[in-house]
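Reader: I'm new to reading protein models, and I'd love a close look at one part. Please take me slowly through the salt bridges, and tell me how buried or exposed the partners are.

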Amino acid sequence: MAGPRTTILLSIPFMIIGYLLSGAPYNMVTLPPQNVWADGPMKLIATPQFQTKKTDLFTAGATHMALLHNSILRGYNSIFNQASLVLEQDKTDFIGYSLAWHKFVKSHHDDEEQTLFTKIEELLKDDKVFEETHKEHEAFLAGLAEFEKYLTGLKTPADFSGEELLKIMKGFQAPFESHFHSEISTIAKLADHPNTPKEGTPEQAAASLTFKTWGKSTVTKAGVMDVVPFFLLNLDRTVEDGMWSNWPPMPAPIKWGLINIAGSWHSGWWKFASCNAAGQPRELWAFQAAALKAEREANLKP
């Protein structure tokens with residue numbers, strides 16, 4: 001029979017897990033959006049598959065890229081729309097959330113340049129297909145670096161200024177938005193490239209596997225504890241008639257764990273996310289917090 005000391009030792013892991021899960025995203029208050037949400041100022045992307053109903057290699061590839069891009073765009077919009085409203089006690093978490101977005105974007109850009117684009121160029125035997133895309137990347141990288149420099153250079157969270165961050169974001173918003181849309185069109189048009197593998201061939205199957213493998217790894221290798229929860233909590237599963245409610249495809253327990261167990265590590269950050277753990281749009285936290293503060297102040301008045 002286990003003694004008291006053994007019982008206490010055995011209970012410690014469960015106590016730690018319980019503590020972490022107490023702040024997990026599935027516990028977040030979810031209210032439907034009543035104010036400005038994360039569908040602007042940057043416009044979201046309609047997926048090529050939803051628009052055309054085509055399922056060829058590059059239409060599918062462009063569609064999955066659009067879904068990933070939309071998570072990044074909602075992330076940008078959620079930061080932009082909440083920056084000037086963040087309360088003093090929430091500044092540390094908002095800075096962490098914003099830096100997770102930066103890490104997501106930078107890792108995504110680097111992985112495209114170093115891996116995906118090269119593989120597609122080799123497949124099509126054409127090193128010119130992403131010429132314009134490379135130029136588009138260069139157009140917003142300086143602004144993205146300034147975004148990170150400002151946030152990491154703050155002496156204390158109290159020094160954070162929403163207006164200053166907005167000024168930086170507006171500086172690269174136009175080329176960023178333009179690129180994130182045009183890249184989808186660029187990839188979708190590759191379906192008509194003369195060297196695109198024909199449907200049903202071994203070459204097409206191999207190319208499809210390349211896309212899927214890259215898609216599975218690009219977010220997870222960026223950061224399981226920060227980028228993955230950011231991605232999944234800005235992924236609206238209700239869009240396009242619920243066509244993407246189970247995207248990305250993975251067993252439900254694994255998806256739950258990535259959102260709620262991995263997400264519990266930086267649990268305070270995710271209150272600023274645009275969607276809840278089920279992928280449903282939620283009222284942005286800064287608006288909720290501002291309303292609660294106003295209500296408390298009103299109740300204190302004689």
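Author: Happy to: we will go through some pairs one by one and then stop at one further residue. Please keep in mind that this is a predicted model, in which local features need pLDDT of at least 70 and side-chain atom pairs count only at pLDDT 80 or more, while totals for chains, interfaces and linings use all residues. Residues are numbered from 1 along each chain as its sequence is written, and side-chain values use heavy atoms, with hydrogens and water left out.

Side chains of opposite charge can pair when their charged atoms come close. The structure holds seven salt bridges (a side-chain nitrogen of Lys or Arg within 4 Å of a carboxyl oxygen of Asp or Glu). Let's visit three of them.

One joins glutamate 88 to lysine 91, where the closest N and O atoms are 3.2 Å apart. Its two partners sit in unlike surroundings: glutamate 88 is partly exposed, at 49% relative accessible area, whereas lysine 91 is buried, at 9%. (Buried means under 20% relative accessible area, exposed over 50%, and partly exposed in between, for a 1.4 Å probe and protein chains only.)

Another pair is lysine 103 with aspartate 226, whose closest N and O atoms are 2.9 Å apart. Lysine 103 belongs to helix α4 (residues 91-124) and aspartate 226 to the loop between α7 (202-220) and α8 (227-232), so this salt bridge ties together parts that are 123 residues apart in sequence. (Helices are DSSP runs of H or I with at least four residues, numbered from the N terminus.) Here lysine 103 is partly exposed, with 34% relative accessibility, and aspartate 226 is buried, with 13%.

The third stop is lysine 128 and glutamate 131, with 3.9 Å between the closest N and O atoms. Glutamate 131 is partly exposed, at 40% relative accessible area.

Now stay with α4 for one more charged residue. Aspartate 111 also lies in this helix, and it is buried, with a relative accessible area of 3%. What does aspartate 111 touch, leaving aside its neighbours within four places in sequence? Its contacts (heavy atoms within 4.5 Å) are Leu116, Trp214, Thr218 and Lys221. As a reference point elsewhere in the model, phenylalanine 147 is 36 residues from aspartate 111 in sequence and 20 Å from it in space, C-alpha to C-alpha.

Terms used:
Helices (H or I, at least four residues) and strands (E, at least two) are DSSP runs, numbered from the N terminus.
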